[in-house]
Amino acid sequence: AVAAWSLIGLSFLYGVFHAVGPGHGKTVVATYLLTQRSDLIRGLGLTAMAAFFQGLTAIVAVEVTVLVLEIPLRRARGVADDLEVLSYGLVVVIGLFLVIGALRHLVGHGHHHHHGLDADAAGERAGWGWRKLAAVAFAIGLRPCSGALLILLLAYALQLRWAGLGAVAAMSFGTALAIGCLAVLTVFMRQRAEVLVSRFRGDHHHEGSWFVVVSLIGGVLIILLGISLL
């Protein structure tokens, strides 16, 4: 029991401090929140879902390969590598969707452009915003955390399966807390930038057009990030 709880506690701390370092998930989250219209609640939801998916992917990868397919522990890492490539590919796909959405807004001008923005807002209220966030979180989380994989493999080797599962859950919670702080800072910076740009331009008739361009740039950056990871 002492060993199990020690593993869980250390995993929580690892999740917190590991999230402080660089990583593709944090880069995608920061880019998305800086360049897409998301409030603080959605930003925190994105970080929580991404951390949850990443831990869940590690659990599923090990559970399926070791228990279902009866593949040796040493080969479970190979399955994780395949999921990592798929995750990076989905990051590119997410970027493409963001670019396409921004281009659709840029095609229309004037009256039609504003109808597009209104439709977007209606879509956010209808729940599309959360579905889009879930898709982004899934693309990030499909790459299992290497630390979670290591802990699971160690726990399975020591026949501490449930302690390993609890440790991964604690790690995901710690990661969500740390990246949540990044989300708060990112959303605040973007909202302040929007206010400053609106004051500087003083043109409320086209106040949404500049942000569509920013969204387009964000989508391109996410595509380039995914390609570079691949």
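## Helix 7 and the residue that follows it

In this predicted model, helix 7 is followed by Gln159, a residue whose phi is positive, near 60°. Most residues other than glycine have a negative phi, and Gln159 has its positive value although it is not a glycine. The residue sits in the loop between helix 7 and helix 8, and because its relative accessibility is 73%, over the 50% that marks an exposed residue, Gln159 counts as exposed.

Helix 7 itself has twelve residues, which at 1.5 Å a residue should span 16 Å, and its end C-alpha atoms are indeed 16 Å apart, so the two values agree. The buried residues in helix 7 are Gly147, Ala148, Leu149, Ile151, Leu152, Ala155 and Tyr156. An α-helix has 3.6 residues a turn, so residues three or four places apart point the same way. That is a useful idea to keep in mind when looking at the buried positions of helix 7, which include Ala148, Ile151, Leu152 and Ala155.

## The nonpolar cores

Which residues touch the most other members of the largest nonpolar core? They are Val62, Ala148, Leu152 and Tyr156, in a core that holds 20 residues. Helix 1 (2–20), helix 3, helix 7 (146–157) and helix 8 (161–201) each supply at least two residues of this core, and the largest share, six residues, comes from helix 8. Apart from this core lies another one, of 18 residues, among them Ile140, Ala183, Val187 and Leu225.

Ala148 can be followed outward from its place in helix 7: when residues up to four places away in sequence are not counted, Ala148 touches Ala58, Val168 and Met171.

## A buried serine in helix 1

Ser11 belongs to helix 1, and with a relative accessible area of 1%, under the 20% cut-off, Ser11 is therefore classed as buried. Where does the side chain of Ser11 reach? It reaches the backbone oxygen of Leu7, at 2.7 Å. Not counting residues up to four places away in sequence, Ser11 touches Ile151, Ala167 and Met171; Met171 is also among the residues touched by Ala148, while Ile151 is one of the buried residues of helix 7.

## Aromatic rings

A search of the whole structure finds three aromatic pairs. One of them is formed by Phe53 and Phe138, whose rings meet edge-to-face, with 5.8 Å from centre to centre and 90° between the planes. This pair links distant parts of the chain, since Phe53 lies in helix 3 (residues 40–68) and Phe138 in helix 6 (residues 128–141), 85 residues apart. Ring pairs also link Phe52, Phe53 and Phe138 into a cluster.

Are Phe53 and Phe138 buried, or are they partly exposed? Phe53 is partly exposed, with a relative accessible area of 21%, and Phe138, at 40% relative accessibility, counts as partly exposed too. Because the class of partly exposed residues runs from 20% to 50%, the 21% of Phe53 places this residue in that class rather than among the buried ones. Elsewhere, a ring has a charged residue for a neighbour: Arg161 lies over the face of Trp162, at 4.9 Å from the ring centre.

## Helix 2 and Leu83

Helix 2 (residues 24–35) has twelve residues and reaches 16 Å from its first C-alpha to its last, close to the 16 Å expected at 1.5 Å a residue. Helix 2 is mostly covered, with ten of its twelve residues buried. These buried residues are His24, Gly25, Lys26, Val28, Val29, Ala30, Thr31, Tyr32, Leu33 and Thr35.

Leu83 is found in helix 4 (residues 73–107). The C-alpha atoms of Leu83 and Gly141 are separated by 9.7 Å, although the two residues are 58 residues apart along the chain. If its neighbours within four places in sequence are left aside, Leu83 is in contact with Thr57, Ala61, Leu142, Arg143 and Pro144.

## The chain as a whole

The secondary structure of the protein chain comes to nine helices and zero strands, and read along the sequence it follows the pattern α-α-α-α-α-α-α-α-α. Of the 230 residues in the chain, buried residues make up 45%. Among contacts between residues at least 6 apart in sequence, 85% join residues at least 24 apart; the pair of Phe53 and Phe138, 85 residues apart, is an example of a link between distant parts of the chain.

Definitions and conventions. Residues numbered from 1 in each chain as written. Predicted model: local features only at pLDDT ≥ 70, side-chain atom pairs only at ≥ 80, totals over all residues. Heavy atoms only, no water. Phe/Tyr/Trp six-rings, centres within 6.5 Å; stacked < 30°, edge-to-face > 60°. Helix = DSSP H or I, 4+ residues; strand = E, 2+ residues; numbered from the N terminus. Buried < 20%, exposed > 50% of the residue type's maximum accessible area, 1.4 Å probe, protein only. Lys NZ or Arg CZ within 6 Å of the ring centre and 35° of its normal. Core = buried A, V, L, I, M, F, W, Y, C linked by side-chain atoms within 4.5 Å. Contact = heavy atoms within 4.5 Å. Polar contact = N/O pair within 3.5 Å; in protein donor to acceptor, adjacent residues only side chain to side chain. Expected span 1.5 Å × (residues − 1).
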